[in-house]
Every structure is written in C-alpha cells, then in structure tokens.
Amino acid sequence: MDFAEARELISRLRVNVESVLLGKREAVELALASFFAGGHILLEDIPGTGKTTLARAIAASISGTFRRVQFTSDLLPQDVVGVHVFDADKRSFTFSPGPLFANIVLADEINRSNPRAQSALLEGMSERQVTVDNRTYPLPDPFLVIATQNPFDQHGTYPLPESQLDRFNLRLRLSYPDRVSELRLIRENNMFTSRDGIPSVLSPEQARECRSALDRIAVRESLVEYILRIVEATRRHPAVRLGASPRGAIGLKNTSQGLALLSGRDHATPGDVKRTAHAVLCHRIFMKGSPGTETAAEASAAVLSEILETVPAPL
Amino acid sequence: MTGDRASPGRPGLLWWVLRAQWAWGLLPLALLTEVSRAALAVASASFIAGAYLDWTEARRDRWLRIAPPLLFAAVAAAAADFFRGSQDPLYSISVLVLGIQSVRFLLPKGVRDGWQLSAISFLEFLASAASTTEVQFAVFAFFYMGLCAGAMWALQVQGEEMEADPAVRTVRTGFAAKLLLLAAAGGVLFSMILFIVTPRVGIGQMLRNLRRTEGITGFSDTISLREVTGVKADRRVAARIEFPGYPADISPSGLYLRGATYSVFDGKTWMRPQRHRMRLPRTGSHYTAAPIPGGTLLREADVTLEAMDNPALFVYGTTHLFEGSLGDVWTEGEGSFSLAMPGHPPLRYRIQFSQEASRASVPDPAAARRYLELPAGWDDLGELSARITAGAGSDAEKAEAALRFFRTGFRYAVTDSASSVRDFLFVSKAGYCEHYATALALILRASGIPSRLTAGYMGGEWSDIGKYLIVRQSDAHAWTEALIDGKWLTLDATPPLGENSPFFARTGKPWIYVDWARQRWDKYVINYSLKMQAEGVAEGQLAFHRTRAGIARAFGPAKALRRHGAQLGAAILALLLAAAILRRVIRIPSLNGLTAAQGGEAPLPRDYAAMDNTGSIAADASRFLALYHRDRFGAFPLPPAELREAGRLAARLGREISR
C-alpha cells in the first residue's frame with residue numbers, strides 16, 4: 001500500500017469515527033493516532049461522555065472484533081485472559097480464550113478491580129501475548145486496549161500503579177461535547193440508539209498496512225532531539241517525583257507520526273509533538289506530594305505546559 | 001584661562017559654562033551619593049577659591065611647588081576613606097578624584113588644564129551615575145550634557161585664540177543656548193538608550209562593597225511593641241506594585257501585603273522560630289512556591305521593592321509563582337518568603353497569587369503546639385477568652401466572637417498606646433495594630449485555635465495616573481492569621497482607618513506625578529531584566545522591519561519588489577524565526593497568532609478564516625507553512641520549484657502582514 005492510499009483510507013476512518021462521536025475531533029484524532037502507533041488508550045472522564053462509543057466506533061470501523069470487560073472488585077485474572085478447561089472428549093485441557101482475545105478490548109472502569117486483575121492486562125498490553133499455565137498465546141493483530149476510569153469516584157477503587165499507567169500510551173479526557181454537538185446529540189438520539197450501524201471502512205489487514213505506513217513518516221533528527229529534551233525536562237523539573245519514561249518518549253514520537261499521518265503529511269512537525277505531548281506524557285509525570293488525586297493530575301498538566309513553553313522547539 | 005600662562009582672552013559666557021560644568025560634576029555626587037562630605041566640602045571650597053583667584057588674576061607661580069604634597073594628601077585621604085571610612089571602592093576613588101580636582105582648581109589654568117578639569121568632572125559624573133538609580137539623575141544628566149558641550153566649545157575657541165587664528169569667531173548667545181539645549185537633549189536620549197541597551201549588570205554594583213546597605217529598616221526577625229509614631233509618619237515608599245491582569249477600575253488597596261510570619265510569643269516579643277528553611281524550586285527565573293490547584297483564579301502583581309535591610313519578599317494572598325532574578329528564594333512554609341541574604345538593592349519581581357486562603361498542610365505536632373502556645377503565667381487570658389467565646393460552637397464562630405470583642409471599648413491610638421499586651425487587654429484598651437493583632441492571636445490561642453502574627457503592609461495609595469499602588473512605610477501593618485477549617489484565614493482586629501483619620505494621608509497631585517515619573521524611570525530605564533531587554537529589542541526589530549516593508553511598498557515599484565521577493569522572503573523567514581525564538585523567552589501578544597500557527601500543525605483554512613477575514617492570506621499562509629514544514633521536517637528538502645514558490649508566498653505574506 002502506498003502512502004496516498006493509506007492517507008485516503010485513514011481520512012475515511014476518521015470521518016467515520018467522527019460521524020459518531022460528535023464534536024470530539026481532537027480526541028478522535030489522538031485516539032486514532034495512538035491506534036496506528038500501536039499504543040493503548042486510557043480514557044478518563046465522567047460517565048456518559050462517549051468513552052464506550054469511541055471504542056466501539058473504532059472497532060466497527062476496522063471491522064474487527066470488539067469485547068468489553070467490566071472491571072469489578074471481584075474480577076479474576078482468568079476472567080480477562082482466559083482459562084484452560086478440561087475437554088472430556090479429547091481427554092486434555094483446551095484453552096478457552098478470554099475477552100482479551102479481540103482487536104479492540106474495552107476495559108471499563110479499570111480502577112474498580114483489584115491489582116491482580118489489572119496486572120493480567122499488563123503482559124497482554126506490552127507483549128501482545130498472554131501466558132496461561134506455562135503456555136503462551138499470541139493476541140490478535142491489531143490489538144488495542146481502551147481502558148476507562150472514572151476520576152471523580154475514589155471510594156473502593158484501586159488507582160493504577162505507575163508501572164501500569166506507563167503502559168498506556170495515551171490518557172485522554174473526553175469532556176462534554178460543545179453546545180452545537182450536544183444539541184444535535186439530544187435531538188437525534190434516544191436511549192435505544194445504538195452505534196453498531198456504522199459501516200466498516202478498513203479491514204484488519206488494511207489497518208496493519210496503515211500501521212506500516214506510519215513507520216515511513218519521517219522524523220528528523222532535530223525533532224527526535226526535541227522529544228528527548230521535553231522528556232528530560234520532565235525528569236529534571238523540581239516539582240516532579242518521577243518523570244516520563246523512555247517508553248513515553250517512544251510513544252510521543254510514534255503518536256506524533258500518527259497525527260502527521262492523519263493530517264496527510266509524510267513528516268512529523270514540532271506542532272504534532274506539542275499536540276500529543278499532553279495526552280502522552282501527563283499521566284507519566286508523577287508529582288511530589290499526594291499521588292493519584294485530581295489536583296496532582298492538574299499539576300502535572302501545568303508542569304508539562306510550562307515545559308512545552310520553555311523547551312525550544314526546532315524551527 | 002586667566003592665569004599667567006594663558007594669553008589674555010575674553011572671559012566670555014562659554015568660560016562660565018566651563019566652570020558650571022565643573023560645579024555640576026560635583027552636584028550629583030553631593031546630592032545623590034554618600035561620598036565623604038569632607039572631601040566634597042574641600043573640593044567646593046577650592047573651587048570657589050580658584051574661581052576667585054582666577055578672577056583677581058593673582059600670580060601663583062610658587063603654588064606649583066605645593067602641588068605634590070597636596071596630591072599625596074589626597075591619596076592618603078582616599079586610602080583612609082577606603083580602610084576606615086566608607087569602605088566602598090567606588091566612593092574612595094571618588095575621594096581621590098575630588099582631591100586631584102581640588103588641587104587643580106587652586107592652580108593657574110591654561111587651556112590644557114581646562115580640558116583635564118573637564119575630564120575629571122566627567123569622571124565624577126560617571127561615579128555618581130554608577131552609584132545612583134534615582135530619577136533626578138536624568139535632570140542632572142540633562143544639564144550636564146549641555147554644559148559638557150559648552151565647555152568643550154569654550155576650550156576649542158580658547159585654543160584657537162591662543163594659536164592666534166586670524167578667523168576668531170564671535171559667539172552669539174542665542175545660538176549658543178539653542179545648541180547647548182540640543183546637545184543636552186541628545187545626550188540624555190543617548191544615555192537612556194545606553195541604559196536600555198547595555199546588559200543589566202549594574203556598572204556600579206561591580207565596584208560597590210556589597211556589605212553596604214542603605215535600605216529602609218522596618219522589619220526584623222522579631223516584632224515587639226514599641227514606639228511607632230515615627231513609622232506612621234514615615235512617608236518613604238517601600239514598594240510600588242502594578243497589577244497587569246487586574247481590571248483597571250478596581251483599586252486593590254484593601255489587599256494585605258505579607259512580609260513575615262511570627263509564631264512564637266514570649267510575653268513581649270514575637271519571634272520567628274528557628275526552623276528549617278526550604279529553598280523554592282526554580283526553573284530559570286521562575287520559582288514555584290505552591291502547586292496551583294485547578295480552578296483557582298490567579299492574579300498577577302508586578303512588585304518593585306525599594307532597597308531594604310531585611311530579606312523579606314513581600315507577597316499577596318497565597319502566592320504560587322515568583323518570576324524574577326532573585327537568586328535563591330527561601331520559605332519557612334508559613335506563606336512568607338525571603339531572599340538568601342538580608343539587605344538588597346531595589347528589586348523587581350512578578351508574583352502570581354490567588355486571593356483564597358491557602359489550605360494548610362497538617363502541621364507537625366511540634367508546630368501545632370507552637371501555634372497554641374501562650375506565655376507562661378497568663379492564666380487570666382483563658383478566662384477572658386472563655387467569656388468572649390461563650391456560646392460559640394465552631395472555630396469560625398469563636399473567631400467571629402473574638403473579632404467582635406475588639407469592636408467595642410477599644411480605641412486606636414499611636415501616641416498613648418498601652419505598654420504591654422496585658423495592659424492593652426485589661427487596662428488601657430488603647431493601642432495600634434500590633435496590640436490588636438497580638439491580643440487577638442492570644443485570645444484565639446487560649447480558645448484552642450492555632451494562630452500566628454503576620455507583618456507587612458496593608459493597602460497603599462492607588463496612583464490613578466500610572467495605575468499602580470504606592471505602598472509606603474506608613475502603611476506598615478500587623479494582623480492575625482488563624483487556622484480555621486484547615487485554612488489560614490486573615491483576621492484583622494484593628495479598626496480600619498477612616499479617610500478623615502489623622503493617619504490617613506494623601507499625596508498631593510504634583511507628587512503623584514513625580515512618583516509616577518520615578519516609577520516609569522525605574523521600570524523602563526533602570527530597573528529591568530535581561531528578559532525585558534530582549535522584549536524591547538524584539539519590538540524594535542519588528543518596528544524596523546515593518547518600516548522597511550512600508551518604505552519598500554510606498555516607493556519601490558512592484559517589479560523591483562518581485563525581483564527581490566526571494567530576499568524579502570528570506571528576511572521574513574528570519575523574522576519569523578527570531579520571533580519564534582523570542583517567543584520562548586517572552587510573549588509578544590501581536591505575534592502570538594503567527595507563531596502559534598507556525599508551531600502547530602499547518603493551519604486549516606477555516607481556522608485562518610476565523611482569525612482573519614481576508615481569505616487569500618489564509619490560503620497563502622497555510623500553503624507557506626506546509627511548504628516550510630516539509631522543508632524543515634520532511635524526509636527531503638524541498639525541490640527548487642517549490643522552494644521558489646515558498647519564497648514568493650513569503651514575500652506576499654510579508655506585504656499582507658505589514659499592512
């Protein structure tokens with residue numbers, strides 16, 4: 001697949017997803033960029049702002065399989081990855097895959113479950129394979145985990161630890177839609193309206209090819225250095241306890257490439273890096289003081305804004 | 001000139017100008033600096049004596065012989081000044097210069113001596129320039145530059161006369177006056193430009209003895225009840241504060257400017273506990289004082305602090321960010337900040353603060369006990385506070401009741417105030433802010449509410465002309481802070497001063513204007529940072545390019561412009577580059593749109609259409625930025641055809657933008 005073809009397909013995909021998720025252009029673009037970059041997404045917002053809709057819309061658009069796991073406090077790892085069951089006919093154990101075996105997995109309210117079940121996601125997310133009882137099973141490709149968590153509700157939750165937060169490439173906030181979009185939403189929808197009716201525009205095969213197109217997006221050396229400078233600045237900032245990881249830097253580069261691809265360019269620009277930086281780096285910056293609170297998140301956003309202001313972008 | 005070595009000439013106007021220049025070199029030294037008065041007196045005396053001797057044309061052949069011992073005495077005086085007197089190299093050098101000048105004043109003078117004396121006078125002028133930042137200096141500079149020009153002219157004319165130049169010019173007085181005025185104005189303008197352009201490392205500061213401070217004394221590590229009549233009458237300015245983001249129609253004179261917080265009271269004196277100080281984290285010239293909670297409305301204040309003896313940095317409300325070149329800033333975690341060393345020259349810094357009370361972190365048990373500690377043997381205070389707060393449930397209600405207690409029966413008095421807090425509370429019931437604040441803090445402590453004393457300034461005088469707040473020494477104030485519902489609240493028991501109070505003084509209109517001139521001088525000529533210089537240079541550059549583009553448009557034919565399109569494009573590219581670089585240091589509002597678009601993704605036409613109604617410029621800009629980004633960040637540089645197109649677009653955009 002050549003570049004023009006990939007661009008055409010991707011712009012169709014974006015239009016498709018945006019047609020469902022009204023007025024969330026920025027979030028949709030970032031999510032799709034992360035999808036093509038192969039990075040998982042953590043959606044953090046109040047209920048009813050379209051977190052599930054976004055996940056389903058991406059899944060339906062690439063005609064892939066979609067599973068949803070509702071994380072609860074009694075969820076067990078085998079409920080997520082699958083389990084070996086004894087097959088009486090074959091007199092052996094066969095693997096019954098869990099909901100993780102899908103192209104798009106929506107892990108709903110991930111902070112409600114205990115750390116054990118959360119960590120079951122870990123291997124799958126970074127290695128794209130799961131190990132159950134000494135046997136390793138590869139996950140389908142493309143594979144994308146979209147996890148959601150509700151930041152306003154802290155009672156009886158297990159906040160994600162740093163290591164697991166780092167495995168998410170993006171943390172997105174889908175705030176309320178703008179006025180016009182919301183008016184349209186209210187006018188056109190009822191409680192039964194489902195989002196399954198959207199046509200698929202990409203096969204999983206094409207999605208993989210688009211991903212290889214992303215690797216061909218040029219990132220000049222000056223831009224690589226810019227990314228490094230940003231990441232270093234997050235580590236050196238006096239108010240920060242733990243700065244962004246090298247994984248975060250790679251994620252920043254790849255997501256910037258994804259945005260460039262979505263914009264139809266064959267090169268990434270400092271503007272792409274700046275647009276993605278907040279979504280990619282904010283949740284990887286841990287402030288000194290009380291962790292996991294809403295104010296800490298705001299503070300890390302402020303620190304990142306300050307860094308982006310001070311680190312000189314290449315021209 | 002009238003000495004025996006000089007030929008008999010006309011003691012014309014210009015020669016008096018020369019004398020005036022010498023005298024004027026002495027004036028700023030005498031009025032604006034602290035150079036040894038004795039040296040100045042000697043120099044003035046010998047100046048008058050020399051003028052008299054010149055006038056009487058006394059013969060002074062033998063006097064030359066006593067010159068060497070006199071010069072030696074001058075060197076000795078300078079050395080004594082350095083080791084025993086001012087201990088400031090700059091002032092000692094000034095003393096030496098004055099000594100040499102005094103000797104020369106007494107001796108007969110020829111043209112060459114005139115030149116030398118003028119040069120010495122210029123040295124004195126430089127010395128006073130290096131040690132003062134006062135606005136009056138501009139006035140001195142104005143006259144001095146004019147006199148310098150006149151003096152040089154006089155010496156030149158005299159030199160020509162001595163060489164018996166046949167074409168001796170006559171001097172017309174009116175023409176000379178105009179010329180001198182022009183020279184003076186030019187000189188001041190030039191020196192202002194020099195002030196603005198030279199990097200802000202004070203010339204004087206390098207020579208000065210840094211241990212010397214000439215600041216306002218006022219605050220210290222301790223605060224006690226003392227004679228304050230002097231403070232209340234002290235009209236010296238402590239700080240001038242601008243509020244960049246504040247709506248222009250509010251006068252923020254009800255704000256409390258915090259200086260220092262005191263939490264230990266021994267019955268007479270408030271003290272600061274010996275505590276671990278913490279250095280504020282800094283990035284560049286930004287200091288983070290407290291994390292900014294989401295949703296708070298941040299105000300900005302631009303504080304110019306006069307020279308002070310104490311290291312306190314005065315702030316408003318809950319301060320979150322400092323900006324300025326302050327070296328290390330320390331805090332004791334009580335919302336007050338200080339510099340590393342006491343004694344500082346005038347300072348300028350910007351703070352971002354919220355007016356909401358700070359949410360206190362849970363104090364460690366020792367600190368919590370300290371906030372509740374009462375001096376030993378003050379048991380009757382407990383009864384009093386129990387009586388005052390009877391019937392009040394929560395801490396807030398108790399504090400309210402305590403504040404109410406001071407409203408009746410107490411009176412504000414500076415002259416016959418109570419001698420101690422007990423006297424104030426139980427007997428005389430007359431005192432000033434420190435009595436009120438201390439008594440309130442003690443009553444709150446006795447009823448179990450952690451509290452402390454804060455000193456600083458309250459309000460100030462709003463200058464409507466310059467839109468800034470003048471805080472004077474007489475605005476010094478003390479108030480109480482109490483930890484209620486997890487927040488340090490400001491409680492002020494002192495009755496507010498009415499406008500007809502004897503302590504409420506207004507400045508006359510002329511002095512407001514004088515103060516305004518001084519504030520502007522401080523802000524734009526003297527007291528500003530490297531960053532602001534960069535800002536000034538950037539604006540100057542922009543104006544220059546805009547003018548050039550304007551001239552090219554007005555005079556150059558279109559053909560020539562097209563021919564030079566590539567050069568103009570390159571120039572504009574360089575301009576954008578410079579702007580983007582500078583934007584990281586400063587924010588230029590007029591450029592924000594441009595550079596944001598440059599930093600961001602290639603702008604979409606509709607975004608630009610919203611910004612600017614002319615559709616053509618939007619399309620051009622987006623096309624140009626796309627090309628630019630491809631050139632800079634694409635896999636390969638642009639092919640020549642597209643490079644030419646980019647140059648063309650840049651030229652066109654340059655024209656549009658400058659229009």
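## A quick tour of chains A and B

At 0% relative accessibility, B:Thr261 counts as buried, because the cut-off for that label is under 20%. Keep in mind that this is a predicted model. B:Thr261 belongs to strand β3 of chain B, which spans residues 256-262. From there we'll look at the strands around it, a sheet in chain B, the nonpolar cores, and finally a loop in chain A.

**Around B:Thr261**

- The side chain of B:Thr261 makes a polar contact of 3.3 Å with the side chain of B:Arg258.
- Leaving out residues up to four places away in sequence, B:Thr261 touches B:Arg272, B:Glu334, B:Ser336, B:Arg452, B:Leu453, B:Thr454 and B:Glu481.
- How many of the seven residues of β3(B) are buried? Six are, and the strand is mostly covered.

**Who pairs with β3(B)**

- Strand β18 of chain B (residues 451-458) pairs with β3(B) through six bridges, in the antiparallel sense.
- Within that pairing, B:Tyr262 has B:Leu453 in β18(B) as its bridge partner; B:Leu453 also turns up among the residues that B:Thr261 touches.
- Strand β11 of chain B (residues 315-316) is joined to β3(B) as well, by two bridges, and these strands run antiparallel.
- Here B:Arg258 is matched with B:Val315 of β11(B), and B:Arg258 is also the residue whose side chain makes the polar contact with B:Thr261.

**An eight-stranded sheet in chain B**

- Strands of a sheet pair through backbone hydrogen bonds, and they can do so parallel or antiparallel.
- In chain B, eight strands make an open sheet with antiparallel pairing, in the order β7-β8-β12-β15-β9-β2-β20-β19.
- Which strands sit at the edges? They are β7 (282-283) and β19 (461-463) of chain B, each of which pairs on one side only.
- Inside this order, β12 (residues 318-323) and β15 (residues 347-354) of chain B run antiparallel and are joined by five bridges.
- One of the matched pairs is B:Phe322 with B:Ile351 of β15(B).

**Chain B in numbers**

- Chain B holds 22 helices and 22 strands.
- Of its 659 residues, 46% count as buried.
- Among contacts in chain B with a separation of 6 or more, 75% are between residues 24 or more positions apart.
- The accessible surface of chain B is about 33200 Å², and carbon and sulfur atoms account for 62% of that.

**Nonpolar cores**

- Nonpolar side chains tend to be buried together in soluble globular proteins.
- The largest nonpolar core here has 71 residues, and A:Ile146, A:Leu172 and A:Leu202 have the most contacts inside it.
- Which helix gives the most to this core? Helix α2 of chain A (residues 25-37) does, with eight residues.
- Domain 1 (1-203) and domain 2 (217-315) of chain A each supply at least three residues to this core.
- Setting aside neighbours within four places in sequence, A:Leu202 is in contact with several residues, including A:Leu9, A:Leu13, A:Phe36, A:Ile62 and A:Cys210.
- Another core, of 39 residues, lies apart from the one with A:Leu202, and its members include B:Ala399, B:Phe405, B:Phe410 and B:Tyr436.

**A loop residue in chain A**

- Is A:Asp133 buried or exposed? At 58% relative accessibility it counts as exposed, since the cut-off for that is over 50%.
- A:Asp133 sits in the loop between β6 (129-132) and β7 (135-138) of chain A.
- The side chains of A:Asp133 and A:His84 are joined by a polar contact of 3.1 Å.
- A:Val83 is 50 residues away from A:Asp133 in sequence, with 8.6 Å between their C-alpha atoms.

Technical notes:
Residues are numbered from 1 along each chain as its sequence is written. Chains are lettered from A and ligands numbered from 1 in the order in which they are written. This is a predicted model: local features need pLDDT of at least 70, side-chain atom pairs count only at pLDDT 80 or more; totals for chains, interfaces and linings use all residues. Side-chain values use heavy atoms; hydrogens and water are left out. Helices (H or I, at least four residues) and strands (E, at least two) are DSSP runs, numbered from the N terminus. Buried means under 20% relative accessible area, exposed over 50%, partly exposed in between (1.4 Å probe, protein chains only). A polar contact is a pair of N or O atoms within 3.5 Å; within protein, one must be able to donate a hydrogen and the other to accept it, and residues adjacent in sequence count only if both atoms are side-chain atoms. Contact means heavy atoms within 4.5 Å. Two strands pair if DSSP finds at least two bridges between them. A nonpolar core is a set of buried Ala, Val, Leu, Ile, Met, Phe, Trp, Tyr and Cys residues joined through side-chain atoms within 4.5 Å. Domain bounds come from an automatic or database domain assignment. Accessible areas come from the Shrake-Rupley method with a 1.4 Å probe; for residues, only the protein chains shown count as cover.
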